[in-house]
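Here's a quick walk through some charged pairs, a covered helix and the cysteines. Have the structure open as you read.

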Amino acid sequence: MKLEVTTVLNISLKKDQLLRAIEQRQFVLVYQPKICLNSGQVTGVEALIRWNHPDHGWISPADFIPLAEQTGTITDITKWVLYEACRQNKQWQDQGFPKTIVSVNISPLDFESMELYETILHTLNETGLDPRFLEIEITETAMVADMQQTIKTLHKIVQTGIRIAIDDFGKGNSTLRYIRDLPITTVKIDQSFMHNIAYSQKESTVVKNIVELAQNLGLKVIAEGVETEEVVTFLSLHSCNAAQGFLFSKPLTVKDYETLIHQLESFAVELIHRLEAKINFKSAKMNDHRFKSLFEQNPDLVCSFSLDGNILSVNPAIKKMLGYDQETVLNHHFGDFVHENDLNKSLNHFNKVLNGETPEGIELDLAHANGHFVPTNVVSFPMLLSERIIGVYSVIKDMSHQKSLERQLIESEKKYRLITENMSDLVVVVNRGGAIEYASPSNTDVFNVDSEFVKSYNIMSFVQREDVSHVFNTLGKIFDDHKPQSTELRLNIGGNRVFWVEAHGSPIIEEDGTVNQIVVVSRNITHKKQIEAELHAAQTDLKNTLERQLGMTLKFVKTKSGYVHTLCEGELMRKFGFDSEDIVGQTLYDCLPERNARNLEKYYERAWQGEDVYFEATYQGIRYIEQLKAVFHDGKVVEVIGSCVDVSARHTRDNS
């Protein structure tokens, strides 16, 4: 059904004609879809009224709505539109069409009526439509005409679960003063900003500010009048939630909507998928600008990569670490700088990040400009646009010093073994009271204290205060159990010289089976402890380089028993009340209630067929997003990797 809307500026319309139009069902609603710019799915429709005049044909609402407001018939028209839109939406839901939100425009004059709230409730009760699937759109004029009455009415409406949208946002001057205090859920950017948004810095800046303002207030953003792919690219880059316009669809009759809705969604999904590479690249460069300013002074090497692994940026640390100027490495693939023995490991690490996993850091040898290789530790995490991964950040730490410490530690161990073999260990004999009855000459060499002087003291006199209790208990166990014990402790010689020693105590068993003395053989491990402390500090610093994203990662394969999980890790898993062993090796039906398992199984089946699956669900009161991606080998799916993100906070905000 094609609607040719004509202008009737020279036609004299009267109040009785409008009332007759309602009675004779001359009015018709058409529905313009709203498209999610992240998924391409239809998230709602706006109900728009048209008048099929028996003499003048199709008349635009721009011509008869002002007359309706002047004559007072607008209230009757609003009632009809509300009822028809809610009735049609409920009918579509009952017929199995995707549940969407229907939006209805409310005239400013309707807010002057005390009946608006009751009219809406009566309509919902009569049609049976859930309030969550109704949105009313109001203009700035409606808000400023009688602000107190408008706020009072809106608060009553929104408490029922109905959504409130501000239409033509940005067109007026006073909306910004009230948007913070109004109980609205959605902002619709006026279509006048869309025409030159890709070319006009002024208009693009206004739209970016509107989107940022709305997001800071927890509101959804819809752009009206979208007609070109350039506008879609711009809106996606700046995280606008949805769009409506002729690029996706003109307003559709009921019949056309039912016939074309699936075709329309397919077109939108294909369009967004086709623009994704351009959007991702531009977004990565935008994020990279903020990224560079944040890490410019970081002593570690920080890089950002596109989805195909090309270097988007590096910070100045690359010059000191690898000897390259920043500009010379840009747009090169990261594999060009990785030692050939580590190339597969680096590619696997990169792909894990792209699949939504949070892998542990890996050690890679990276090529220096002078030709040698530098040992490094690499920690990576995803660059995100909304829930989409658009690139990878990596923090790369030079491990040359740590590797040197490790070599020194190995050399120290060799020296310690040599000392033991030559019987140059420190030896003392202590009695039950702890008095030192013998001290070997090597004590003089190590501690620079005469061994005869040592014999005049109790062994506890030389033990560092923090270790006294531990050493006392260890000696007691040797005396009581008649069995050797080993430990590490600190000795304080001369009041200010602290030595670490590794001590091994052996009981001297008398002929009658009693133990009155212990031989303690020790070696000085102070240097070893210093090296270990430095190494531990370096490793701790590396682990704390980057905070891990919270979520959950899982894997599963298909067996005769069903889909069996081979991996499940992450904080979200523990929020659900599971440990890894509760899920690994189990099917969906082993670890979930049947209803939840049955709901998830259909997504698992689609993923096993090779489809990339993305869905939202709720478990244990937690709203989460899950993405499943198949892994192929020789053309067949061998396993599926999944990642989950907790979006409860966002979901609560969206429905508040």
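Which side chain meets Glu594 in a salt bridge? Arg598 does, with an N to O distance of 3.5 Å. Keep in mind that this is a predicted model.

**Salt bridges along helices**

Both partners, Glu594 and Arg598, sit in helix H22 (residues 594–608), four residues apart, about one turn of the helix. An α-helix has 3.6 residues a turn, so residues three or four places apart point the same way. Glu594 counts as exposed at 54% relative accessibility, while Arg598, at 44%, counts as partly exposed.

You'll find a similar story elsewhere. Helix H3 (residues 74–94) holds Asp94 and Lys90, four residues apart. Asp94 is exposed at 55% relative accessibility, and Lys90 is partly exposed at 21%. In helix H19, Glu571 and Arg574 are three residues apart, again about one turn of the helix. Glu571 is partly exposed at 33% relative accessibility, and so is Arg574 at 43%.

| Salt bridge | Closest N to O |
|---|---|
| Asp94 and Lys90 | 2.9 Å |
| Glu571 and Arg574 | 3.5 Å |
| Glu594 and Arg598 | 3.5 Å |

The whole structure has 23 salt bridges. Some of them link up: Lys34, Glu46, Glu135, Glu137, Lys188 and Glu224 form a network.

**A negative patch**

Now for some acidic residues on the surface: Glu569, Asp579, Glu581 and Asp582 gather there in a patch of negative charge. Asp579 lies in the loop between helix H19 (571–575) and helix H20 (580–583). This residue is partly exposed, with a relative accessible area of 39%.

**A covered helix**

Is helix H9 (residues 229–237) mostly covered or mostly open, and how many of its residues are buried? It's mostly covered, with seven of its nine residues buried. The buried ones are Val231, Val232, Thr233, Phe234, Leu235, Ser236 and Leu237. After H9 comes Ser239, which has a positive phi, near 65°.

**Cysteines without a bond**

How many disulfides does the structure hold? Zero. Why is Cys240 not in one? The closest cysteine sulfur, in Cys36, is 9.9 Å from the sulfur of Cys240, so the two are too far apart for a bond. The cut-off for a disulfide is 2.5 Å between the sulfur atoms. Cys240 is buried, at 5% relative accessibility, and Cys303 is buried too, at 4%.

Technical notes:
Residues numbered from 1 in each chain as written. Predicted model: local features only at pLDDT ≥ 70, side-chain atom pairs only at ≥ 80, totals over all residues. Heavy atoms only, no water. Patch = residues over 30% accessible without salt bridge, like charges linked within 9 Å, V, L, I, M, F, W, Y side chains within 5 Å. Areas by Shrake-Rupley, 256 points an atom, 1.4 Å probe, with all protein chains shown as cover. Salt bridge = Lys/Arg side-chain N within 4 Å of Asp/Glu carboxyl O. Lys, Arg positive; Asp, Glu negative; His and termini not counted. Charge placed at Lys NZ, Arg CZ, Asp CG, Glu CD. Helix = DSSP H or I, 4+ residues; strand = E, 2+ residues; numbered from the N terminus. Buried < 20%, exposed > 50% of the residue type's maximum accessible area, 1.4 Å probe, protein only.
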